[in-house]
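Dear colleague,

I am handing over the structure we spoke about, and below it you will find a description of what turned up when I went through it. Please open it beside this message, so that you can look up each residue as it is named.

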Amino acid sequence: MIILLMGVSGSGKTTIGGMLSKKMGLPFYDADDFHPKENVAKMTAGIALNDNDRAPWLERLSREMVSWEEQGGAILACSALKEDYRRVLVSKAVQVSWFFLKGNPQLISSRMAQRKGHYMPEELLNSQFDTLEVPKHAEHINIDQTPEKILQDIMSNLKNKKAVSSFGIIGMGVMGSSLALNMAEKGIKISVYNRTLQGVEEDVAQKFVDANPDMKGVLPFDKLDEFVESLEQPRKILMMIPAGQIIDQQIARLLTFIDKGDVIIDGGNSYFEDSAKRQQYLKGPGIHFVGMGISGGRNGARKGPSLMPGGTSEGFALIKPFIEKIAGKDKDGKPCMHYVGPDGAGHFIKMVHNSIEYGEMELLAETYALMRKGLGMSTGEIVKVFKKWAKEGADSYLMDAVLAILNYEEDGDLLLDKILDVAEQTGTGGWAVSTAAKYGVPYAPLTAAVTARLISSKKAQRVAMAKKYDRKAVEIDQKEMLSSLKGAYEMGRLINHEIGFSLIRKVGDDENWGLDMSEIARCWTSGSIIQSSLMEKLSGVFKKANSLMESSVLQQTFEENATAMAEVVGTALKAGVAMPVMSAAINYFYGMSTGESSANLVQAQRDYFGEHGYRLANDTSGKVYKNNWNKE
């Protein structure tokens, strides 16, 4: 805990800080002592500091505060006149109790006139009052009373203060509990809350704390009001609960206890349009709402997830110091966290992320199916090929997952062969498909990935149809096919990402979100389910191009692998192996790289039966023509 006494020069910060230090046995520091000599010289000469002067000073203080907190706490006297300055001071996520020593200019001016040996001259007082932004989340202490009474007021406030945690998490499921451990390990004091359902969910938060005795600074609650009271203001509350109506119900309950300026964060997989509505609704009571996509699963949440926050920029600024600490790190050590944009932008990006994830998973499944069923390869042989591909640049989190699955045996048998071939889904893939249709974005390959899961759910019908439509094996040259298959797999991945990012670009432009595709890709390079070497490459590509197919860097790769993909898809279909994503991907590529398509016949048919009209290729005016196609 850092007790920070703020206010303009002459408000008594040093005097009260010294008295408070003796009373509490905590070290006292005066922020003025940390100014570089250049700043001291300017102030001594009667020259007011500007923000550039203050920046290194504030940054140094923020680092010092981390050290002081680790050593048991401290008292700091610092003017902290502007909200931006205060944000820098807490940018390392330390817990601070703010006290604003408040007085009128006349009183403080008279005090400064009596001071000796201080380099801040009285004539700079007006500039300090001009700069001062009165803090919203600090205890205001009037200084027109004795120092002893001021000390008494501060001690009384500290004694009665219930807020002891910097961050709160609601929902102790897999993700919530993993994020809580991540935060605690980073030194963030947190409160955790889980609802109570008699006989179903009881003492969940307490059991979580009991199961992790080595994690310090975690307080468990099963009563929402006590949980909220334990959080310092402005409160920062992360909900890790299922998407849907339960989110609105939890928000309604929170509104009973929280205050204006607090932040509610939805870390689940909510639909982005719902998040936009929630942000708008919470503007009324003055609550900041952040819809934050989180990727990485249990392991990512525990060790460093990819974070995609959207919503109010003010709310993001308040939570940034905390989520930066727990985010995964890219190859340069930068947090894989990026403020995406307003409204539901964060959850929109997570939705597209999951859509690409669907495509990547299905692409690996199709490749595996062709190897095992079409080429007759053993799982051991498949593992060797996948490992070779990974070393050659096809490595990814999902590839690692597949390798682990193909190596896992239970009672001497491959566990994978015992798993029912029905793939479930949470809904984000379907949302992406419907959003693409709404915004007019071709989405066939990733739509095919969603469709493949839907088909897998029809187990009984599939078994029956397999007996009815028995397929004969077709002999395939394994060596030749494996060479083409690697190129087809690489092509499929490029198309998956091209399509996902095309949706990001279109929606971002239409909604004026100002999305940065390079930053989005960079944030998916670590902690994300779709992290890969390819994603690192794409982050660079998107700095120079809006589309992967338009990129000169990737042109040769597309040209070479298109032929390989066409050969693979044709051979696989002859062998009776379904390749929905690869088939849709090569059709997408050929369709998008065809200058003159058969769509003219489609439009002519529309005019034939519906009189919808058509435009002529050599008529740039855009005039619509109609024709009587049945000449009698």
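Before the first residue, a word on naming: helices here are DSSP runs of H or I with at least four residues, and they are numbered from the N terminus. Please also keep in mind throughout that this is a predicted model.

With that naming in hand, you can find Leu-364 in helix α15, which covers residues 345-374. Is Leu-364 buried or exposed? Its relative accessible area is 5%, and because buried means under 20%, Leu-364 counts as buried. If you would like a sense of distance, the C-alpha atoms of Leu-364 and Met-239 are separated by 33 Å, and these two residues are 125 apart along the chain.

Next come the salt bridges, of which a search of the whole structure finds 30. In general, side chains of opposite charge can pair when their charged atoms come close.

One of them joins the side chains of Arg-60 and Glu-64, with a distance of 3.7 Å from N to O. Both residues belong to helix α3 (residues 51-70), and because they are 4 residues apart there, about one helical turn separates them. Arg-60 is partly exposed at a relative accessible area of 34%, and Glu-64, at 23%, is also classed as partly exposed.

A similar description fits Asp-510 and Lys-506, whose closest N and O atoms are 2.6 Å apart in a salt bridge. This pair sits in helix α21 (residues 478-510), where the two residues are 4 apart, or about one turn of the helix. Asp-510 has a relative accessibility of 39% and counts as partly exposed, as does Lys-506 with its relative accessible area of 31%.

The salt bridge between Lys-459 and Asp-421, at 2.6 Å from N to O, links distant parts of the chain, since the two residues are 38 apart. Lys-459 lies in helix α20 (residues 459-468), whereas Asp-421 lies in the loop between β14 (413-414) and α18 (428-438). Lys-459 is partly exposed, with 29% relative accessible area, and Asp-421 is partly exposed too, at 38%.

There is also a network of salt bridges, in which Asp-330, Lys-334, Glu-519 and Arg-522 are linked.

Turning to the pockets, I looked at the second largest one, which has a volume of about 740 Å³. It is lined by 31 residues, and those closest to its centre are Glu-83, Arg-87, His-137, Pro-234 and Leu-318. Two or more lining residues come from each of α4 (83-89), β4 (96-102) and α14 (313-326). Which element gives the most to this lining? It is α14, with 7 residues. Sorted by class, the lining of this pocket holds 14 nonpolar, 6 polar and 11 charged residues.

Finally, on the surface, Tyr-608, Phe-609 and Trp-629 form a nonpolar patch, and together they have about 380 Å² of accessible area. Of these, Tyr-608 is found in helix α26 (residues 599-610), and with a relative accessible area of 49% it is partly exposed. Tyr-608 is not classed as exposed, because that class begins over 50%.

With best wishes

Terms used. Residues numbered from 1 in each chain as written. Predicted model: local features only at pLDDT ≥ 70, side-chain atom pairs only at ≥ 80, totals over all residues. Heavy atoms only, no water. Patch = residues over 30% accessible without salt bridge, like charges linked within 9 Å, V, L, I, M, F, W, Y side chains within 5 Å. Areas by Shrake-Rupley, 256 points an atom, 1.4 Å probe, with all protein chains shown as cover. Salt bridge = Lys/Arg side-chain N within 4 Å of Asp/Glu carboxyl O. Buried < 20%, exposed > 50% of the residue type's maximum accessible area, 1.4 Å probe, protein only. 1 Å grid on protein atoms, 1.4 Å probe; cavity = no way out; pocket = protein on both sides within 12 Å on 5 of 7 lines; lining within 4 Å. Points joined across faces, edges and corners; volume = space filled by probe spheres on them. Nonpolar A, V, L, I, M, F, W, Y, C, P; charged D, E, K, R; others polar.
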